[in-house]
Amino acid sequence: MFIKPQPLTQIADVVVVGAGPAGIAAATAASRCGRSVLVIDDNPAPGGQIWRQGLPSQRKFDADGVTRDRAVEQMLAAGVRVASGCRVIDAPDRATLRAYREEDGAVLHVLYGKLILATGARERFLPFPGWTLPGVFGAGGLQALVKGGYEVAGKRVVVAGTGPLLLAVAAHLHDYGAKVVAMAEQAPAWKLAAFSATMLTNPSKLMQGAGYRGRVIGTPYQAGTWPMAAIAGEGGLLRAVKLSNGKKTWEVACDMLACGFHLVPNTELAALLGCELRGDFVKVDANQQTSQQGIYCAGEPTGIGGLDAALAEGEIAGLAAAGQPTTHLQKRAEAGRKFAAGLERTFALRPELRTLAAPDTVFCRCEDVQTASLAGHHSWTEAKLQTRCGMGPCQGRICGPAAEVVFGWKNASVRQPIFPTPVGALCSNDSIEENA
Ligand SMILES: Cc1cc2nc3c(=O)[nH]c(=O)nc-3n(C[C@H](O)[C@H](O)[C@H](O)COP(=O)(O)OP(=O)(O)OC[C@H]3O[C@@H](n4cnc5c(N)ncnc54)[C@H](O)[C@@H]3O)c2cc1C
């Protein structure tokens, strides 16, 4: 039987999209200034990526759990309402969002005075032979699975790609009993050394990095090294990873490959709302306001700067949305921006990564499109229309950023709904029930 889901209306002075550190900080700050605040987040519980909540049985490894729990408690104590498990899919007009609630298929109509976008980032994947084999995971994705109870004890794992997340993931997997057999970072050693030197003025970050490295000190960390191929063994399962440093290639036997090439900001909702982008990121002023009056953006969509930057920017956005001064936070935000710029320089992708995929390597895994089918096209739109690349469930969130690196194509357009949504839910806007 088809039951048509009923839409619900929610109203708040300030609506925050995303309950990661930036969203939590923004919501708490705005609510403490007396504004009614609603946070919408698509995860089952607040925390976002770095503060992702795991199973209670895994809490002994949840190093950030205490900080997260305190931040969430403070947010709730400030009177913030949280709609977890809800994904913003659309912005039908300048004061309304629509969010799909997976639990019951309802569509929430959310009316806001001010809007804060704290939608975070996702991992960048690049195609190489074997990257779709069972046993190959996104680095942060595997970390999230493990927090949710996925077993890695005793497994031999290679961690490869680029970015500071690799070290955090390696340390985390080690804590859960995995045997991290190799870490391959594509950035050259000289860039990493220069970046570490700049960190001398940021001792807490330096200590954090050293702490992660200390936990996997027995594992070689190979700079200037990248994955060339994931090799299948018996039953089509991952058997080994082929690594290269440009001079030679070698194989490392493993059960799992955790692989990611830094992060891509989630800017789709900002783009849909007409916010100007600067390069890959949402352009904001000192108060985190975007080019659209009354719409603010904080955390990873404005620059990949990690936890401290997300917290500072979130608080600024929350205060600014409530009409309060933010001068006292500007120094912290500036430090975050500097750190983000350092990460971007250090972990810039080397040209060799553009040619890893073979002609028969799957490029778009949702629609099963091979690299060779894309080669003759001139733009993302043309490739999409001719091959269905990027038209599957992830809507190009994985292959789009990869196509930008490999072919230099920019994805210029964003359409609503920004996430796949059941047609029944999209048609459910004829009966609005007030509940706010
Ligand atoms: C997979 C992954 C793992 C990471 N692990 C670590 C780590 O271990 N250590 C570390 O230092 N850094 C880690 N990072 C980096 C991390 O993103 C930042 O340090 C920090 O979490 C940024 O906070 P944020 O609030 O900007 O974004 P996030 O923490 O990413 O929070 C954004 C939230 O918004 C939600 N969201 C996005 N779009 C919508 C929408 N349309 N509707 C509803 N909700 C939406 C997301 O699901 C998420 O819950 C990780 C990043 C990724 C992608």
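Domain bounds, as used below, come from an automatic or database domain assignment. The model is predicted, so that local features need pLDDT of at least 70 and side-chain atom pairs count only at pLDDT 80 or more, while totals for chains, interfaces and linings use all residues. Residues are numbered from 1 along each chain as its sequence is written, and side-chain values use heavy atoms, with hydrogens and water left out.

**Exercise 1.** Describe how domain 1 and domain 2 meet.

*Solution.* Begin with the bounds: domain 1 comprises 8-122 + 264-344, and domain 2 comprises 125-261. Next, take the separation of their C-alpha centres, which is 29 Å. Contact (heavy atoms within 4.5 Å) then involves 11 residues from domain 1 and 12 residues from domain 2. Finally, the buried area, meaning the accessible area (1.4 Å probe) that two parts lose on being put together, summed over both, is about 1100 Å², with carbon and sulfur atoms giving 62% of this value.

**Exercise 2.** Establish where the buried residues of helix 3 lie around its axis.

*Solution.* Helices (H or I, at least four residues) and strands (E, at least two) are DSSP runs, numbered from the N terminus. In helix 3, residues 139-147, the buried residues (under 20% relative accessible area, 1.4 Å probe, protein chains only) are Ala 139, Gly 140, Leu 142, Gln 143, Val 146 and Lys 147. Viewed down the axis, these buried residues fall within an arc of 160° (taken from the directions from the helix axis to the C-beta atoms), so they line one face of helix 3. Their cover includes strand 8 (136-138) and helix 4 (165-175).

Methods: Buried < 20%, exposed > 50% of the residue type's maximum accessible area, 1.4 Å probe, protein only.
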